[in-house]
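Could you walk me through this structure in my viewer, one selection at a time? I would like to know what to pick next and what I will find there.

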Amino acid sequence: MAVASLGLTACGSSEGGDDSGMNLASAGTLTVCSDVPYPPFEFEKGGEYTGFDMDLMREIAKGMDLKMSVKDVGFDGLQSGAALNAGTCDIGASAMTITKERAKNLSFSDPYYDSLQSLLVPKDSDIKDIKDLSGKTVGVQQGTTGEKYAKDHIPDDAEMKSYPSDAELFPALQSGGVDVVLQDLPVNLGHTEGGKFTIAQEYDTSEQYGFAVKKSGSEKLLKSVNKELKKLRKDGTYDKLYDKYFSENKK
């Protein structure tokens, strides 16, 4: 797995940090794996990783008196548990839906975001419903719940194309390589800016995102992460970050 790393610091009250039995990959640092870009959850801006997930993890690391480092990895290796089990990182933060299948290989934090699936189409498209995809080509991101939803619901004569990340998926729609994109609503909403694309349909799949750690050996880390999440909700930090990235998406 090719891994690109960009170090980010979110310093707490101590310089070196203390893993306190959390079995961190690097003492004093919370190493976060994420599949970038996937705006508004994770993307690079001004030489730094930012987005809802990244800002939340930065606050969590700060509350744990740890620095934060981010490693960009493929989503497939992350959601399967391979990246975490290999010791590449301590925790995965990548808009990952909590599922029973993933929970066989990963342990998840308390849910931190409720999501929907959606269908993104060109503004002038005559596609209004998933039933209109007969004979069409549907773009999805591989290894995601959007891919699974497409497999389960698109017409039998529709073609599905899977891409490694949104960085390849959305350009495929722009170039006409696919007719529609089926993926998480917040990400698709970001692609409607400029008016060339629109959301044709939304799907309530009762999905919730969670931060992921390896199944065994990360119990203390997970407990600390959940503790910090609760603090961020209680002191209003969570709401501020949510409004920062999703206020326009509440329409």
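Start by selecting helix α7, residues 219-234, in what is a predicted model. Colour L221, L222, V225, N226, E228, L229 and L232: these are the buried residues of the helix. Now look down the axis of α7: the buried residues fall within an arc of 165°, so they line one face. Turn to the other side and you will find E219, K220, K223, K227, K230 and K234, which are exposed.

While α7 is still selected, check its length. From first C-alpha to last, its 16 residues reach 23 Å, close to the 22 Å expected at 1.5 Å a residue. Then step just past the end of α7 to G236, where phi is positive, at about 90°.

What covers the buried residues of α7? Show β2 (29-34), α1 (52-63), β6 (91-92), β7 (106-108), β13 (212-214) and α8 (237-246), which are included in that cover.

Next, bring up the largest nonpolar core, a set of 36 residues. The members to highlight are L30, F41, F52, M57, Y112 and F211, since they touch the most other members. Elements giving two or more residues to this core are β2, α1, β5 (67-72), α7 and α8. Of these, α1 provides the largest share, with six residues.

Zoom in on Y112. Leaving aside neighbours within four places in sequence, Y112 is in contact with F52, D53, L56, A95, M96, Y209, G210, F211, L229, R233 and Y238. You have already met L229 among the buried residues of α7.

There is also a second, separate core, made up of 14 residues. Select V121, I130, V138 and L182 to find some of its members.

Finish with the sheet. In what order do the five strands of the open sheet run? Following them across gives β10-β9-β11-β8-β12, with mixed pairing. At the edges are β10 (159-163) and β12 (197-209), each of which pairs on one side only. Neighbouring strands of this sheet are turned by 20° against each other on average, with direction ignored.

For a last close-up, select β8 (residues 113-122) together with β12: the two pair in the antiparallel sense over nine bridges. Within this pair, place S118 in the centre of your view and you will see E202 of β12 standing opposite.

Terms used. Residues are numbered from 1 along each chain as its sequence is written. This is a predicted model: local features need pLDDT of at least 70, side-chain atom pairs count only at pLDDT 80 or more; totals for chains, interfaces and linings use all residues. Side-chain values use heavy atoms; hydrogens and water are left out. Two strands pair if DSSP finds at least two bridges between them. Helices (H or I, at least four residues) and strands (E, at least two) are DSSP runs, numbered from the N terminus. Axes are lines fitted to C-alpha atoms, for helices over the stretch in contact, and angles run from 0 to 180 degrees between N-to-C directions. The expected span of a helix is 1.5 Å times one less than its number of residues. Buried means under 20% relative accessible area, exposed over 50%, partly exposed in between (1.4 Å probe, protein chains only). The arc is that of the directions from the helix axis to the C-beta atoms. Contact means heavy atoms within 4.5 Å. A nonpolar core is a set of buried Ala, Val, Leu, Ile, Met, Phe, Trp, Tyr and Cys residues joined through side-chain atoms within 4.5 Å.
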